[in-house]
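Thanks, everyone. I have one structure to show today, and I will keep to geometry. Please have a look at it first.

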Amino acid sequence: MTRKQRRLILIGSSLGVLAFAVALILSSLRESIVFFNSPTDIADNKAPPGKRVRLGGMVKMGSVERGYDLQIRFDVTDGNRDIPVSYRGIVPDLFREGQGVIAEGHVEPGGTFKAETVLAKHDENYMPREIVETLKKQGHWQETAAPNAVPVKASAK
Amino acid sequence: MIAELGHYALVLALALALIQSISPVLGAHKGDVALMKLADSTALAQFGFVALSFAALTACYVMSDFSVANVFENSHTQMPLIYKFTSVWGNHEGSMLLWVLILSLFGALVAAFGANLPATLKANVLAVQSWIAAAFYLFILFTSNPFRRLAEVPVEGRDLNPILQDFGLAVHPPMLYLGYVGFSIAFSFAVAALIEGRIDAAWARWVRPWTLLAWMCLTVGIAMGSYWAYYELGWGGWWFWDPVENASLMPWLAGTALLHSAVVMEKRNALKVWTILLAILTFSLSLIGTFLVRSGVLTSVHTFSNDPARGLFILIILMVFIGGSLALFAWRAPLLKQGGLFAPISRESALVFNNLFLATACATVFVGTLYPLVLEALTGDKISVGAPFFNLTFGPLFVPLLIAVPFGQLLAWKRGDLYGVAQRLLAACAVAMVGLAATFAFEGTQAVFAPFGIGLALFVMAGAVTDITERTDLRSLSLATIGRRAAGMPRSAWGTAVAHFALGITLLGIVCASTWGSERIVALKPSQTVSISGYDLSFDGMVRRDGSNYRETAAHFTVRKAGSVIGVMEPSKRTFPSRDGMSTTEAALLTRGVSQLYLSLGDNNADGSIAVRLYHKPLVLLIWLGALVMALGGALSLSDRRLRIGAPKPAARILAQPAE
C-alpha cells in the first residue's frame with residue numbers, strides 16, 4: 001500500500017468521524033440549549049409556554065411561601081416585572097429573599113413559572129453575571145453592591 | 001515586610017525569566033554553550049524565587065496578617081490551620097501564584113534532570129518555558145498582586161468561602177494545576193522541535209514521561225474535584241458538565257490522545273507532525289481552561305471575582321501563545337520528515353483511531369462549552385448548554401473508542417491480524433455477553449442502556465486481562481514460565497493493562513450509579529423513618545454544636561438494614577458568622593463496600609419537620625476508584641526502565657544544527 005493510499009484512508013476516515021460528530025452536535029444542540037430570560041422577557045411572552053428556559057433575577061422580598069410537602073413559591077423580579085415561581089424540592093443554601101437566583105423550568109399556561117431546578121450563587125459576595133446584566137438593564141443595579149467590594153480603602157502597595 | 005519580600009522575589013523571578021527567554025535561544029542559534037548553559041541556572045533560580053514568594057504568602061496566611069488584602073479577604077484567625085495553608089490558593093491571586101510555582105518547578109526539573117537532552121533542544125525548551133512564565137509573572141504583578149497591602153489594618157479577616165473550607169481544597173487545585181501546567185513541558189518541547197526543525201523518536205521518549213506525569217496528576221485532580229463536588233454541593237451528582245469542569249476535561253482528552261500518539265512516534269517514528277500539533281493543542285486547552293476559569297466569563301464555584309482587565313490580559317496571553325505556536329507549526333512542520341509506514345490494520349492504526357475519537361470528543365466538548373459565549377458575543381442571546389447535549393454527543397463517540405480498546409492492545413505493530421485478535425478476544429467477548437445477558441434478564445427492558453454499558457465495561461476489563469494472560473502465557477500452566485514472563489514484562493505493558501482495566505471500572509461505576517441509583521426527597525419529623533433500597537433511616541433528632549469558626553446543626557439518623565443497626569448518619573448545616581451567616585450543607589455519607597448512602601439536609605419547615613434529600617448510589621465509588629487506578633497505571637508506565645534511564649545516546653550525540 002502506498003503512502004498516498006494510506007493517507008487517503010486516514011483522511012477519509014477522519015472526515016467520516018468528523019461528519020458524524022457535526023451531525024451529533026447539530027441535532028443535540030437544537031434540543032438541549034436553554035435560553036436565559038429576565039422576568040420582563042417572560043412577562044413579554046418571549047418564552048413560549050412549555051419550552052424549557054432559565055429565569056434569572058432577584059427573589060422578591062416577602063414573597064417566599066413554603067407549603068406542604070416541600071412545595072415552595074416565590075416571585076422572581078428584575079425591578080420591572082415579577083414572575084411567580086413554583087418549585088418542589090430543596091432550595092440551595094444561599095437561596096434567600098433579596099438575593100439572586102436562577103430557576104430552570106418552563107412557563108405554565110397560567111403564567112406561573114414551574115421550576116425543575118433552582119440555582120443560587122456559591123459565594124455571598126458573588127452575583128451571577130446574567131443577573132447583574134438583567135438588573136443593569138432595568139436600572140436597579142448599584143455599583144456599591146459590586147462583587148467583592150472591599151469596605152476599607154486599599155492602597156496600591 | 002514578609003509580603004514585600006514575596007513581592008520582590010516575584011519581580012526577581014520575572015527578571016530571570018526575561019533573561020532566560022532570550023539567552024538560550026541566542027546560544028542555541030550561535031552554538032554558544034555558555035549562553036545555553038545559563039538557562040539551567042536561571043531556571044533553578046526562578047523556581048527558588050517563586051517558591052520564596054509562595055512561602056511569603058503562606059507565611060502571611062499562617063500569621064493572619066490582615067494588612068495584606070488577599071489574606072484579609074480570604075482568611076480568619078479562628079480558621080483551622082490546614083485551611084490557612086490551603087486558602088493560599090483558595091482565591092484568584094494565590095491560585096495564580098500556585099500556577100507559576102508549578103510552572104517554574106517543571107522548568108527547574110527539566111534543567112536538573114535533562115542532562116541527556118541535546119544541548120540545543122534543552123536550551124530552546126527552557127526558553128519557551130520561560131516565555132510562558134514571564135507572561136504569567138507579568139499577569140500576576142500587573143493585575144493580580146497577592147501582596148497588596150491595605151491602608152488600614154482590619155482586626156479580623158473575612159474568612160475563606162465556607163464551601164472551600166474542606167480537605168478537597170488541599171488536593172484538587174494542586175493536582176489539577178500539576179496536570180494543566182505539566183503539559184507546558186510537552187508544549188515547550190514541541191515548540192523547541194519546531195524551532196530546530198528536527199524531531200526524532202528520541203524526542204518522543206523525552207516528552208512521554210512528562211506528558212504521563214502531567215496526565216496522571218490531571219486525572220487525579222479531576223477525579224478529586226468530582227468527588228468534592230459530589231459530597232460538598234449537596235446535589236448528589238458527580239459530574240455536571242459545568243463549563244469549568246469541561247475546561248479541565250478538554251486538556252485531559254487531548255492529553256490522553258497525546259500520550260497515545262507519542263507511543264507511536266517513539267516506537268515507530270510515525271505521526272510526528274500530529275504529535276507536535278497535539279502537544280501544542282493540549283497546552284492551549286490548558287490555557288483556555290485557565291482563561292475560562294480565571295477571567296470570570298463563566299459563573300461557577302471557581303469564579304472568585306470579576307475584573308475585566310484580568311480577562312483581557314489572559315486573553316492576550318492566550319492569543320499570543322496559541323496563535324504564535326500554531327503559526328510556527330504551519331511554517332515549520334513541513335520540514336519534519338515523514339515517518340514509518342503501517343498497514344490500516346495495525347497497532348499504529350488503532351492508536352490513530354484512538355486519537356481520532358478522543359480529538360473529536362474533545363472538539364464536541366469545546367463546541368458545547370464555548371458556543372454560549374460566542375453566541376452571546378455575537379447576538380446577545382444568553383443560553384446554556386446542559387448535560388443532555390454532552391450526553392448525546394460524548395456518549396456515541398466514546399462507545400466505539402471503548403470497543404476498540406481491547407483490540408488496540410492486542411494488535412501487532414506495523415501489520416496486525418484483526419481476525420487473530422478477535423479470536424483471542426473470544427473469552428473477553430463471552431464475559432461481556434454473559435454480563436449483558438444477566439443484566440438484561442435481571443432488569444428486563446426497564447433500563448435500555450444499562451445491559452450494553454455493563455457489557456462494554458466488562459469487555460474493556462476482560463480485554464485488559466486478556467492482554468496480561470497472553471503476555472504471561474497463562475495457558476502454559478507452568479508457574480515458572482508465568483512468573484518469569486510476568487517479571488520480565490515491561491512495566492509500561494503493565495501500566496497499559498492497568499489503566500485500560502481502570503477505564504472499565506469507571507464505566508461500570510457510572511452505569512450502575514446512574515441506572516440503579518435511587519433518590520428520595522421528603523420532609524421528616526423526629527422519630528419518623530424513611531426507606532430507600534432496603535435501608536431504613538430513622539430521624540432521631542437535631543444536635544447542635546460549635547466548630548472553630550462556624551455553628552453546626554446536625555440531624556441524627558440511625559441506619560438499619562433488615563432490622564439491625566448498621567450505622568449512624570449526621571448530615572448538617574453549618575453557618576459562618578464571619579461570612580454574614582452564610583451557610584453550607586454537609587452531606588453525610590455511609591459507605592457500604594463501594595456503594596454509598598448519601599443524605600443531605602434542606603430547610604426546616606414551619607411544622608417542625610426537616611427536608612432531607614436521600615440517595616442510594618450503588619457502586620458509585622468505582623467512578624473515582626477507576627480514575628485512581630488509571631493514574632496508578634500511569635505511574636507503573638512511568639517507572640518503566642526505558643523511561644527512567646532515558647533515550648539511547650546516538651541521536652543526542654550528533655551535534656544538532658538548526659535546519660534552515
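I will go through a helix pair, then a single helix, then a sheet, all in chain B.

Keep in mind that this is a predicted model.

Start with the pair. Helix α9 of chain B covers residues 243-268, and helix α10 of chain B covers residues 272-294. The two pack with their axes 9 Å apart, at an angle of about 165°. Angles over 145 degrees count as roughly antiparallel, so α9(B) is roughly antiparallel to α10(B). As for handedness, the crossing of α9(B) and α10(B) is left-handed. What is the contact of α9(B) with α10(B) made of, by residue class? There are 18 nonpolar residues, 7 polar and 1 charged.

Next, helix α16 of chain B, residues 449-472. From first C-alpha to last, its 24 residues reach 35 Å. At 1.5 Å a residue you would expect 34 Å, so to speak by the ruler, and the model is close to that. Right after α16(B) comes B:D473, and its phi is positive, near 60°.

Now the sheet. It is an open one of 4 strands in chain B, and reading across, the order is β2-β11-β10-β9, with antiparallel pairing. Which strands sit at the edges? They are β2 (518-524) and β9 (588-592) of chain B, each pairing on one side only. From one strand to the next, the twist averages 15°.

Looking at one edge in detail, β9(B) pairs with strand β10 of chain B, residues 595-604, over 5 bridges in the antiparallel sense. Within that pairing, B:L590 has B:L597 in β10(B) as its bridge partner.

That is what I had.

Key: Residues are numbered from 1 along each chain as its sequence is written. Chains are lettered from A and ligands numbered from 1 in the order in which they are written. This is a predicted model: local features need pLDDT of at least 70, side-chain atom pairs count only at pLDDT 80 or more; totals for chains, interfaces and linings use all residues. The expected span of a helix is 1.5 Å times one less than its number of residues. Two strands pair if DSSP finds at least two bridges between them. Axes are lines fitted to C-alpha atoms, for helices over the stretch in contact, and angles run from 0 to 180 degrees between N-to-C directions. Angles under 35 degrees count as roughly parallel, over 145 as roughly antiparallel, 65 to 115 as roughly perpendicular and the rest as oblique. A crossing is left-handed if the near helix is turned anticlockwise from the far one by less than a right angle, and right-handed if clockwise. Ala, Val, Leu, Ile, Met, Phe, Trp, Tyr, Cys and Pro count as nonpolar, Asp, Glu, Lys and Arg as charged, and the others, Gly among them, as polar.
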